[in-house]
Amino acid sequence: QVQLVESGGGLVQPGGSLRLSCVVSGSIFSGEPMGWYRQAPGKQRELVAGIATDDSTHYEDYVKVRFTISRDNAKNTIYLQMNSLKPDETAVYYCNSTGLLSGSYDSDYWGQGTQVTVSS
């Protein structure tokens, strides 16, 4: 049974930082490339960054340099360090397998997400 529990969101001023965490239960953590997604109001959910089982990482152009994704295998946890946040990055942030995008992982399950609000 997969369970994804995101935390670490909050209200931050433009230019500020937040560190998100996602505790992952189930075999998805060790067997799947994982990633952080976000969904802003009125917009589709989009991938932000991914990390493969070999720890190689991928970042979308709009977060490169500013965001860092990492994983702690001992804690079954995925992290997203976000720096220099912008107001248009206000969204609910979720973690899940990046295999959802390629079709290699099939699931309708999403965690509750964590709200990030960037505002002065």
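**View 1. The largest nonpolar core of this predicted model holds 28 residues.** Start your tour with the residues that have the most contacts inside this core: Val 24, Trp 36, Ile 69, Ile 78, Leu 80, Met 82 and Tyr 93. Two or more core residues come from each of strand S3 (18-25), helix H1 (28-31), strand S4 (34-39), strand S5 (46-51), S7, S8, S9 and strand S10 (114-118). S3 makes the largest contribution, with 4 residues.

**View 2. Ile 78 and its surroundings.** Ile 78, one of the core residues with the most contacts, has a long list of partners beyond its neighbours within four places in sequence. These partners are Leu 20, Ser 21, Cys 22, Val 24, Phe 29, Met 34, Trp 36, Ile 51, Ile 69, Ser 70 and Arg 71. Val 24, Trp 36 and Ile 69, which also appear among the residues with the most contacts inside the core, are thus easy to pick out around Ile 78. Arg 71 stands opposite Ile 78, which sits in S8.

**View 3. An open sheet of 4 strands.** Follow the strands across the sheet in the order S1-S3-S8-S7, and you will find antiparallel pairing. At the edges are strand S1 (3-7) and strand S7 (67-72); each has a single partner strand, so one side of each lacks a neighbour in the sheet. From one strand to the next, the twist averages 15 degrees.

**View 4. The hairpin of S7 and S8.** Here S7 pairs with strand S8 (residues 77-82) in the antiparallel sense, over 6 bridges. Two positions help you find your way along the pair: Arg 71 lies opposite Ile 78 of S8, and Ser 70 has Tyr 79 of S8 as its bridge partner. Between the strands there are 4 residues, and in this hairpin Asn 76 takes a positive phi near 50 degrees.

**View 5. The two faces of S7.** Which residues of S7 lie on its covered face, and which on its uncovered one? Phe 67, Ile 69 and Arg 71 belong to the covered face, while Thr 68, Ser 70 and Asp 72 belong to the uncovered face. Of the covered residues, Ile 69 is also listed among those with the most contacts inside the largest nonpolar core.

**View 6. Ser 97, a buried residue in S9.** Look for Ser 97 in strand S9 (residues 91-97). Is this residue buried or exposed? Ser 97 has a relative accessible area of 0%, so it counts as buried. Leaving out residues up to four places away in sequence, Ser 97 touches Ile 28, Glu 32, Pro 33, Met 34, Tyr 37 and Tyr 105.

**View 7. Gln 1, an exposed residue before S1.** Our next stop is Gln 1, in the segment that precedes S1. With a relative accessibility of 91%, Gln 1 counts as exposed. Beyond its neighbours within four places in sequence, Gln 1 is in contact with Ser 25 and Gly 26. The C-alpha atoms of Gln 1 and Ile 28 are 9.2 Å apart, although 27 residues separate the two along the chain.

**View 8. The whole protein chain, for orientation.** Stepping back, you can trace 2 helices and 10 strands, which run β-β-β-α-β-β-β-β-β-β-α-β from the N terminus on. The C-alpha atoms fill a box of roughly 40 × 25 × 25 Å along the principal axes. The radius of gyration is 13 Å, in agreement with the value near 14 Å for a compact globule of 120 residues. Buried residues account for 43% of the 120 residues.

Definitions and conventions: Residues are numbered from 1 along each chain as its sequence is written. This is a predicted model: local features need pLDDT of at least 70, side-chain atom pairs count only at pLDDT 80 or more; totals for chains, interfaces and linings use all residues. Side-chain values use heavy atoms; hydrogens and water are left out. Two strands pair if DSSP finds at least two bridges between them. Axes are lines fitted to C-alpha atoms, for helices over the stretch in contact, and angles run from 0 to 180 degrees between N-to-C directions. Buried means under 20% relative accessible area, exposed over 50%, partly exposed in between (1.4 Å probe, protein chains only). Contact means heavy atoms within 4.5 Å. A nonpolar core is a set of buried Ala, Val, Leu, Ile, Met, Phe, Trp, Tyr and Cys residues joined through side-chain atoms within 4.5 Å. The radius of gyration is taken over C-alpha atoms; the globule rule is 2.2 Å times the number of residues to the power 0.38.
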